[in-house]
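Below is a short briefing on one protein chain. It covers fold, dimensions, surface and cross-linking.

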Amino acid sequence: QVQLVESGGGLVQAGGSLRLSCAASGQSFSTFAMGWFRQGPGKEREFVAAVDWVLGTTYYGDSVKGRFTISKDNAKNTVYLQMNSLRPEDTAVYYCAAAGYRPPNYSGTFDLAGEYDYWGQGTQVTVAS
C-alpha cells in the first residue's frame, strides 16, 4: 500500500501564500504522476495541478494558472504546491494524489480524479477575506 501525507495547510489572509507538501511512502511504487485536487464547501472535487514524474511536465486548472506552482522532489517522493495570491474562493480541502505506471503512449493530462491510484487524507486551506 502507498501512503500519501499532506502538510502545510492553514489559515491565511487573502493575497497571502501557502506551500503544501505531500510525501509518498510505503510499498515500491512506480510514480507516473502526482497531482493536487481540492474540494470547497458545497462544491465538487476540482483539479488544481499535476506533474509528470519523469518528464516534469506540469498541468494546471484554469482557476489557479499563474498563481499556483507545482514542483517535485523525486529523491524524496514529495510533491509541493506553492500557492500565491490566495483568494477566499481557494478555501478548500486540498488532496494529494498519485498515479502509478502508465504505458508509454498514455495521453492523459492527469486532470481527472479517475487517473489516480492513491489519495491522501487532505489538508484544509482557509483564505480569509
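The points that follow are grouped by topic.

This is a predicted model. The chain consists of eleven strands and has zero helices. A single disulfide turns up in a search of the whole structure.

**Fold and dimensions**
- Read from the N terminus, the order of elements is β-β-β-β-β-β-β-β-β-β-β.
- The radius of gyration is 14 Å, which agrees with the value near 14 Å for a compact globule of 129 residues.
- The C-alpha trace extends over about 45 × 25 × 25 Å along its principal axes.
- Counting contacts between residues at least 6 apart in sequence, 58% link residues at least 24 apart.

**Burial, surface and charge**
- Of the 129 residues in the chain, 43% are buried.
- The exposed area of the chain is about 6500 Å², and 49% of it comes from carbon and sulfur atoms.
- The chain carries 10 positive and 11 negative charges, and the mean positions of the two sets lie 5 Å apart.

**Disulfide**
- The bond is formed by Cys22 and Cys96, with 2.0 Å between their sulfur atoms.
- The link of Cys22 and Cys96 is left-handed, at -80 degrees about the S-S bond.
- Cys22 belongs to strand β3 (residues 18-26) and Cys96 to strand β9 (residues 92-99), so the pair ties together parts 74 residues apart in sequence.
- Cys22 counts as buried because its relative accessibility is 0%, under the cut-off of 20%.
- Cys96 likewise counts as buried, with a relative accessibility of 0%.

Methods: Residues numbered from 1 in each chain as written. Predicted model: local features only at pLDDT ≥ 70, side-chain atom pairs only at ≥ 80, totals over all residues. Heavy atoms only, no water. Helix = DSSP H or I, 4+ residues; strand = E, 2+ residues; numbered from the N terminus. Rg over C-alpha atoms; globule rule 2.2 N^0.38 Å. Buried < 20%, exposed > 50% of the residue type's maximum accessible area, 1.4 Å probe, protein only. Contact = heavy atoms within 4.5 Å. Areas by Shrake-Rupley, 256 points an atom, 1.4 Å probe, with all protein chains shown as cover. Lys, Arg positive; Asp, Glu negative; His and termini not counted. Charge placed at Lys NZ, Arg CZ, Asp CG, Glu CD. Disulfide = S-S within 2.5 Å.
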